[in-house]
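Me: Could you take a close look at one part of this model for me, the open sheet, and walk me through how it is put together? I'd also like a word on the main nonpolar core afterwards.

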Amino acid sequence: MLGRLGGRRLVALVLLSASLPLAGAGHAASKHCANVTQNKADLWFKIAAPGFKAGGAGMTTYDVDPQDADNLLVSNGTGIAVSHDGGCSWAQPAVPSAELLPALPLGDPTKLVSQSITQVRVSSSPGRGRPYTAWALGVTGVVTAGAPSNQPRILVSENSGATFADRSSSFPQRVGQPVAVRPLGSAGAALLLFHQTAPQNSYEVYLTADGGRSWGLMYSGLPAVSDLGFDRFHGQLLVWGSSGLFRAPASSNFTDLTVYQTTTGTMARVVGDDVRAVTIQGLEVTAYLGTGQRLVSRDGGKSLARRAAPSGLYSASAGPLMGMVALSTVTTNVRVEPPDDPAFKKAKPANFSPTDANVSDVKFVQAFDNKPGFRGVVFPLYAFNPSALYLRMIPASFNVPPPATVQVSPRHPRLREASITPANPTITLKTGQRRTVDFAVALPPTPTPLDVYFMTDSTGSMSSAISSVQEGVQEIIDNLTATGVDVNFGVADFRDYPEQAGTGNPTGDNYPYKRWRAIGPPDSQLADALASLTTGGGTTDGDDSALEAVYQAVTGAGRTDPLLVRGTLIPSGQDARFRENALKVVLLASDDEMRHPGPPSNPTYPGPALAVVSQALQDHDVHLVGIAVHTSKASARADMQRLARESHTLAPAAGIDCDGDGEIDIRGGDPIVCGFSPDTGDSIAPTFTALLEGIRDYAAVDLAVTGDVGVAKPLAPTHFPKVNVKAVNHFRLPVEFSCDQDHAGLTTRVQVSASSRGAVLASTSATVRCVGPAPPPERHEVTRAIAGAVVAVLAPPPPPPVPQGPPTNPNPNPNPNANVGAATNEEDQAQLATAENDQGNSEGTEEVAFSARRNDTVPLPDLAWVGLVMLLSAAAFGTHLARRNAAWGQLRTGEAR
């Protein structure tokens, strides 16, 4: 491969090798091991997730050593696993239990509710075999003086992940959670982005130079941001997220990380658009916007060049060469753009997407490699989904290799792009001709944007299930976002109405419904909302306010006590805020029966009846799926099933396996409600994911032929009102193309397209060329014309005058021929048959082609028909003259009959 690079590129790579380190030996990619397999069709290595000792089976976060492709760190939200051989083997260090920090301003006592890990990061290793620092961020959920809150959880390893220490108590006492950590080198220096939730809502940036033993506040009072980085060339801090991109001079240039200045100064907003990712490569900083653009700056953000970028960006990672970048998007799962350098001018952006999996969170190793089995220089690129890590060696040529001939799996690659074939055909027709072309329309899964509103019963009996929801929801998010679905989430919980008038209120132990976070993107606010879920309250009869909660989530109507004793139970406007164009799903988890309202004389429980809730779901086009949690003999399954059935939430024909044991738990056509037992220790995430995957997503698909309908018309139905767009769909559209006299000599274009929900999914242009003059008359018309001409020619002239005194025929013919110059009926038929055989087919016999053919046979021109008529006429006229002369001779000699 290196031998084909060319002189300039070879020089560039030689210079590169002098400035970049060589990545690790790559055991996972260079030798066989049980955990690592390679797909011969796309050359991606699949590294199986480790079997975690605690928590769910799926990974929720990962990182790779920027300088060594073999150093991996992963977490499932509960435990941590580390590998130093590219995933062939994994070690699972003990994870310190969350430390309860000293009492915060909210009061005392403090009770531990839950603990989790939300992000892991690896600092650059100083050299192979030398220790590096690893970080793990998370949240400790506590209840302080009866109110839920979050405390930061910060774990640090200074021995390459062998052991972790809890440094949470060294962090400033704050209510909230860490959002992101950015290691700076290998000696324990790092930047940390923190979301403070009380007493005010603010984002802050901290710096440590000693592995988290001490922290200094750099900036506070920031709006909602999701990540941060450091631009060393311009000595500035960068933070970004949904509020935009911000920059500010660092309190230190980080050349001496043991000395830094605390500041709470303001940061300048570089751009106010939604920033999805930022890459920093030397002097160049690139911000990728949610609008499908990228902003590039080489002067620290003072000036920006706006360039195009793929839309629907999930993640971006800069490669070891300037301008080299890997992108994960909705349209292209993994897109690699070559360096912006003349040495690579022949290299083009390439689609390196895996053929049998969807991945996200792409990360380049910042060093080139020279792997056994790969010719020349390669660049290790990692990607991720909950079940596995994926590693692809990007060749220095940036060429995607042709598919391997070995069939490694009977599974077909997932269709990723819509298409219509044949594409852009040219149809050449002679005037009067027609041709039918079968267009094949292939549409990949185009699921509707998905809005999932998590709603859970939070009464005391749900304590074990609540923690399972909190631990598993990140896996759910990753599972869904990795499929390329535009998915948003919201969170709410419910308990029950206050039991007696004058006791309790909606913010006390019992409340009928509380929205913690409206529908929005999966970000730190979502994590905050999930961590805020705690259990408490309940009633003696065990029923809960699930019906009221579902009704409020759908309508936002609010609820006032009919006796006006308890006042406003639920403020209005607390609905889930579903997006209008999304597939709307309420995901309900509960272990108790739903409370049904009593008669009007008993207004203690003023909520809606089940029929009212069902109608509200239907009116707002919201689907309900249920998790019937098994903690007691009571169950909400029956009511969940009715709501699921009446909101048209039914299992597909193949059924649904709720717990992943290989057996179908919900038959096809049954309402989507799964059971879950928290005492088994399993994660609730597979159940959630199975439920959501089971929801059919129907939308209308329209095929259309537009343009000049005089030359093209469809011959099959074009409107399909109910198509499951979560699956691959194929359609056949035969279109008849024609060329009439009005289009003779013209070239016309028509569009064949497929659309759904108002968006064109695929289209192609068909060019129709009408050649030749106006068509000759139909065959029977020509025949009649010839026959008329022949009869006219053969018609006798007026009879000659009768000579005076000729002798008469003594024996006259009783049946004389009245027209001796005309043929008989049999003769006439014979002549017409001969004429028809001679003239040939009056219609063109040329087949329709998709492109113009040379030396086409041209139909007989009109002059040929004239010549034929004249020839036949002359022959007939000669016969007529001969017969007439013979008759006159006979008359003169007296021999006529």
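**The open sheet and the core**

Reply: Happy to. Strand β11 (residues 190–198) runs antiparallel to strand β12 (residues 202–208), and 7 bridges join the two. Within that pairing, phenylalanine 194 has glutamate 204 of β12 as its bridge partner. Keep in mind that this is a predicted model.

Now step back to the whole sheet. It is open and has 4 strands, in the order β10-β11-β12-β13, with antiparallel pairing. β10 (175–183) and β13 (216–222) are the edge strands: each has a single partner, so one side of each lacks a neighbour in the sheet. On average, neighbouring strands here are turned by 20 degrees against each other, ignoring direction. A helix joins the picture too: α4 (residues 524–531) packs on the sheet and touches β10, β11 and β12. The direction of α4 makes about 140 degrees with that of β10.

As for the core you asked about, the largest nonpolar one has 33 residues. Among those with the most contacts inside it are Tyr453, Met455 and Tyr513. Elements giving two or more residues to this core include β32 (450–457), β33 (487–494), α5 (546–555) and α7 (637–646). The largest share, 7 residues, comes from α5.

Tyrosine 513 is a nice residue to click on. Leaving aside residues up to four places away in sequence, its contacts include Tyr453, Met455, Ala492, Phe494, Ala549, Ala553 and Ile570. Tyrosine 513 also touches Asp493, Gln552, Gln574 and Asp575.

Methods. Residues numbered from 1 in each chain as written. Predicted model: local features only at pLDDT ≥ 70, side-chain atom pairs only at ≥ 80, totals over all residues. Heavy atoms only, no water. Core = buried A, V, L, I, M, F, W, Y, C linked by side-chain atoms within 4.5 Å. Buried < 20%, exposed > 50% of the residue type's maximum accessible area, 1.4 Å probe, protein only. Contact = heavy atoms within 4.5 Å. Pairing = 2+ DSSP bridges. Axes fitted to C-alpha atoms, helices over the stretch in contact; angles between N-to-C directions.
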